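Here are my notes on this structure, set out as numbered points. Please read them with the model open.

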Amino acid sequence: MSATFRHCRHRELEALLFSAISSASSISQLNQAHTLLYRLGLHQSSYLVAKLLRRLVDLRSLSNSYAFAVFSQVPAPNSFLWTALIRTSAAAAFGPPCRHPLVLYSLMRRALPPPPPLSFTFSALLKFCSTSRSIAMGSQLHAQTIFIGGFNEDLFVQNTLIDLYVQCGQLDLARKVFDEMLVRDIISWTSLIVAYTRHGDMGSAEELFGESPVKDMVAWTAMVTGYSQNARPNEALAAFERMRMAGVTIDEVSVVGAISACAQLGAVKRAEGVRQIAEEYGFGKNVVVGSALVDMYAKCGLIDEARRVFYAMDDRNVYTYSTMITGLASHGKALDAIKVFDEMTMRTEVKPNRVTFIGVLTACSHAGMVEAGRQYFTSMSEVYGITPDADHYACMVDLLGRAGNAEEALELARTMPVEPNGGVWGALLGACRIHGKPHIAKIAAEKLFELEPDAIGNYVLLSNVYASAGMWNEVSNVRKLMRGRGLRKNPASSWMEAKDGVVHEFFAGDGSHPMSREIKAALEELIDRLKCRGYTPILSSIVYDVSESEKRRLLNGHSEKLALAFGLLTVDTGGTIRIVKNIRICEDCHLVMCLASSSENREIVVRDNMRFHHFKDGVCSCGGFW
DNA sequence: CTAGGGTTAG
């Protein structure tokens with residue numbers, strides 16, 4: 001009777017302490033729980049100590065000596081406790097007195113009577129190999145699993161094997177494990193689907209997704225994010241829509257892929273729709289969702305809405321701040337970007353990272369703030385301990401070159417302590433496009449043709465520099481080079497979202513749009529009105545050696561002008577015309593937008609591949625820096 | 001226990 005009672009009390013106490021450990025949210029609370037265990041004589045319980053170790057891993061406050069000390073107090077650790085210790089050691093950078101997970105495993109095998117090894121212990125070892133990318137150790141363990149009875153049907157073991165090979169970049173081996181599995185669950189399918197999406201192989205991902213017998217929220221989300229991360233925003237949104245149609249519930253993670261797809265499209269109506277869904281479910285409070293929304297609004301041209309979301313957030317981390325800074329930079333609001341950076345560094349605990357500095361440096365560059373840019377560049381290593389990499393040097397080359405100092409930019413590219421990448425030479429070539437330095441452009445382009453032989457834009461840029469300088473022989477040489485390498489231009493296009501959310505895309509000189517005739521007429525009328533106000537076409541924007549009248553004809557066929565005319569015809573009076581372009585806006589179109597913004601009394605926002613241009617009352621927010 | 005997340009220069 002009293003034994004039963006004592007037993008009951010013991011069980012109750014154990015349950016109480018178990019929940020105390022589970023709810024510990026800091027290392028000091030965990031310490032208190034441990035002290036309690038000690039006082040009550042329960043520090044020898046494998047069950048409770050194993051929970052303690054697992055909580056230690058969850059809290060990421062890993063102290064291996066502490067873990068080992070706690071473990072050592074248990075006289076007869078069972079296999080659960082051993083496994084927890086292995087996990088602790090696998091999660092940390094192990095050092096004395098902690099041992100390597102495999103060593104612990106052999107100690108465990110020696111300490112315990114020889115039972116068949118537990119699958120979850122083995123999974124913990126495999127997981128360790130997977131996180132530490134130890135393919136050699138992992139495949140040895142894999143070989144062992146083959147001889148252990150039941151492991152070929154054990155989902156934990158098999159799924160961890162898939163993960164191991166995926167993490168080590170061995171997709172074929174992961175697929176082999178998957179194909180040979182006797183039983184598969186949704187996790188096996190999804191692991192492999194995600195592996196394909198991360199390798200950019202959406203075809204295989206689609207195939208697997210189609211074949212998988214069950215599709216849950218995570219699997220659907222994997223497809224949505226897969227499309228989004230592979231720059232296929234329309235398909236991402238379509239998948240998101242199908243997912244909701246199929247009645248699958250969504251969570252914070254599911255909406256992020258859709259939000260990021262809207263950011264890529266720059267389509268405001270779609271964006272508002274997805275935002276509404278996110279808010280309906282109350283996901284807006286989540287840091288990741290919030291950061292994605294900030295990015296989405298910034299990339300859709302609604303920088304003030306991005307700012308509102310940013311300031312309404314409760315938690316902001318380095319992603320949130322970097323996104324806001326980069327967003328402001330792309331809209332040419334350098335001072336605001338710097339203000340956000342200062343808020344972050346002076347009033348919060350959030351530490352800037354390398355991406356944050358890329359944002360700050362581009363902000364300076366896009367506003368011509370050379371001295372401020374130099375100071376931030378110096379401070380990043382001296383104050384924040386971040387060593388500038390090639391991307392940061394690219395920003396500096398851009399900063400100097402854009403401001404008209406191509407010689408110093410070239411000098412920096414030549415003397416920088418890390419190997420210059422395509423970004424560095426590309427920034428230099430871009431500077432030459434603005435300031436016309438054919439001899440420097442040639443140096444930059446030669447490096448680029450080696451580093452990025454297939455990047456068509458570099459050839460076009462060089463040929464443009466030569467064309468502006470009237471060096472038609474060199475222009476034709478560049479064109480020959482392009483042809484010789486079998487490169488063809490990505491068609492330039494501009495697109496615009498209509499009132500109903502449908503996206504209309506325009507190509508240069510293209511007459512396939514249903515309203516094509518009206519658009520052409522409206523454009524001609526507009527150009528005539530602008531000419532009365534002193535507009536002269538900038539013929540040098542056409543880089544072909546053709547007659548002047550042909551140049552005029554080509555200029556008026558530019559896709560952004562077609563989109564502008566479509567906007568003037570369809571956007572309500574007083575509404576902002578928002579155009580997205582896949583390449584940089586040309587000088588003539590830039591001028592036309594400026595003039596049209598005042599003559600038509602319209603705000604026009606153009607997102608090109610680099611940044612935003614806000615045209616209002618005849619001026620552009622870029623201040624001529626683009 | 002094992003699957004899905006946001007920022008990057010020309």
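1. Which atom of DNA strand B lies 3.3 Å from a polar side-chain atom of threonine 190? The partner is a base nitrogen. Such a pair is a polar contact, that is, two N or O atoms within 3.5 Å.

2. This is a predicted model, in which local features need pLDDT of at least 70 and side-chain atom pairs count only at pLDDT 80 or more, while totals for chains, interfaces and linings use all residues. Residues are numbered from 1 along each chain as its sequence is written, chains are lettered from A and ligands numbered from 1 in the order in which they are written, and side-chain values use heavy atoms, without hydrogens and water.

3. Two further polar contacts reach the backbone of the DNA. In the side chain of histidine 366, an N or O atom is 2.9 Å from a phosphate oxygen of DNA strand B. For threonine 323, a side-chain N or O atom is 3.3 Å from a sugar or linking oxygen of DNA strand B.

4. Around DNA strand B there are 52 residues, counted as near if a heavy atom lies within 4 Å of the strand. Phe156, Asp216, Asp391, Gly422 and Met610 come nearest. Of the atoms of DNA strand B within 4 Å of the protein, 42% belong to sugar and phosphate.

5. By class, the surface near DNA strand B has 19 nonpolar, 20 polar and 13 charged residues. Ala, Val, Leu, Ile, Met, Phe, Trp, Tyr, Cys and Pro count as nonpolar, Asp, Glu, Lys and Arg as charged, and the others, Gly among them, as polar.

Terms used. Polar contact = N/O pair within 3.5 Å; in protein donor to acceptor, adjacent residues only side chain to side chain.
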